[in-house]
Amino acid sequence: MRSTTLLALLALVLLYLVSGALVFRALEQPHEQQAQRDLGEVREKFLRAHPCVNERELGDFIKDVAKTLGGGADPDTNSTSNSSHSAWNLGSAFFFSGTIITTIGYGNAALRTDAGRLFCIFYALVGIPLFGILLAGVGDRLGSSLRHGIGHIEAIFLKWHVPPELVRVLSAMLFLLIGCLLFVLTPTFVFCYMEDWSKLEAIYFVIVTLTTVGFGDYVAGADPRQDSPAYQPLVWFWILLGLAYFASVLTTIGNWLRVVSRRTRAEMGGLTAQAASWTGTVTARVTQRAGPTAPLQEKEPPLLPPPPCPVQPVLKPQSPSPPEKVHTPSPPTASALDYPSENLAFIDESSDTQSERGCALPRAPRGRRRPNPPRKPARPRGPGRPRDKAVPV
């Protein structure tokens, strides 16, 4: 990721945090102030009703009660009917261990002993990576099973001649709807029935749990009336499947964003190439329009050498060997096309160089080019033998 992109993302996250802080303060601060006023009124009523109680002693008593409530104590357990209830029975302890390795950490039940805190450190260091591996495997299996089921629906849509782009959109929507129905809506109604929560409270608990936020203000099975030891372990298995589903959804979104970024880069590369080619064509046209004045005058002297070609008939009678007259009319292009393996570069040369070679063929006896012309016509015709005889003479 580029530094500019990283800085822009950091600025966006900070802006998001500040906006959330402003909204939460505007919504929750008045409620906090009202709760503080209610506590003051209750204290004053108690002091007026019991003048023998000192205000300082009452304040210390309230702090002790708050501390014990934060430690997991429940005032309802003082009754004889609920005296056997414990926040650390086997089911609750299993659920607490599950909140450690899932990194949810509701906070309704906390460790108060030094031995428990020391054990929690090593337990979390081992359990969190182990649960991450399990979550990846379950998410992969769950996502593949859901995609396999949705694949049959896609096949039905394709049989109905639905466009593939629309089929992809429908399959993605079905993937989201099925997951939300199984892991969000159904548990919401279950918690409404089991915990006696409202629909808002139940869906609030579901989302806070599956996003691993875990405030702890609402916890399934924390009510002393839930005396079933298998209730909270079942809730933990729901958390496992729900987190696996959300992990598969996040993986799908990440893959989609990766594909979109690749396509965007490819499109930007194509636009850059088009811009470069357009700039090159414009530059070439400008140079062609501005070039005929000076460059053509410079190229006119090199165009004068072709007149030596008509001088060839003058040079031909001077050559004493008659075979050279027979070989001069044959153009060099025919030999190059007949034997491309001997002179492939001849095809790529310009017409000017070809004309110069044609004019220079009669001068072969003076240079090293003499052995080349006899080899080419010697194969189809036999006049090469008199040349071989004439050479030693």
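User: What makes α4 and α5 oblique to each other in this model?

Analyst: Happy to walk through that one. In this predicted model, α4 and helix α5 (residues 164-195) pack with their axes 10 Å apart, at an angle of about 135°. Angles over 145 degrees would count as roughly antiparallel, and 65 to 115 as roughly perpendicular. The value of about 135° falls in neither range, so α4 and α5 are oblique to each other.

User: And which hand does the crossing of α4 and α5 have?

Analyst: The crossing in which α4 passes α5 is right-handed. On the α4 side, the contact is made by Leu-142, Gly-143, Leu-146, Ile-150, Ile-153, Glu-154, Phe-157 and Leu-158. From α5 come Val-167, Leu-170, Ser-171, Leu-174, Phe-175, Ile-178 and Phe-183.

User: How do those residues of the contact of α4 with α5 divide by class?

Analyst: There are 12 nonpolar, 2 polar and 1 charged residues. Glu counts as charged, so Glu-154 of α4 is the charged one here.

User: Now α3 and α4: why is α3 called roughly perpendicular to α4?

Analyst: Here the axes of helix α3 (residues 90-101) and helix α4 (residues 114-159) cross at roughly 70° and come within 8 Å. The range for roughly perpendicular is 65 to 115 degrees, and roughly 70° belongs in it, so α3 is roughly perpendicular to α4.

User: Which residues meet there?

Analyst: Ser-97, Ile-100 and Ile-101 are the ones in α3, and they meet Cys-120, Tyr-123, Ala-124, Gly-127, Ile-128 and Phe-131 in α4. By class, the contact of α3 with α4 has 7 nonpolar, 2 polar and no charged residues. Gly counts as polar and Tyr as nonpolar, so Gly-127 and Tyr-123 are assigned accordingly.

User: Which residues does UniProt list as "transmembrane region"?

Analyst: The unreviewed UniProt entry gives residues 87-106, 118-138, 169-190, 202-222 and 234-257 that annotation. In the model, residues 87-106 are 60% helix and 0% strand, with end C-alpha atoms 14 Å apart. For residues 202-222 the figures are 43% helix and 0% strand, and the end C-alpha atoms are again 14 Å apart.

User: What about the "signal peptide" in that record?

Analyst: The unreviewed UniProt entry places it at residues 1-20. This span is 90% helix and 0% strand, and its end C-alpha atoms lie 26 Å apart.

User: How many helices and strands are in the protein chain?

Analyst: The protein chain has 15 helices and 0 strands. Of its 393 residues, 20% are buried.

How values were computed
Residues numbered from 1 in each chain as written. Predicted model: local features only at pLDDT ≥ 70, side-chain atom pairs only at ≥ 80, totals over all residues. Heavy atoms only, no water. Axes fitted to C-alpha atoms, helices over the stretch in contact; angles between N-to-C directions. Helix = DSSP H or I, 4+ residues; strand = E, 2+ residues; numbered from the N terminus. Parallel < 35°, antiparallel > 145°, perpendicular 65-115°, else oblique. Contact = heavy atoms within 4.5 Å. UniProt positions renumbered as here; feature names shortened; annotations may be inferred. Left-handed = near helix turned anticlockwise from the far one by under 90°. Buried < 20%, exposed > 50% of the residue type's maximum accessible area, 1.4 Å probe, protein only.
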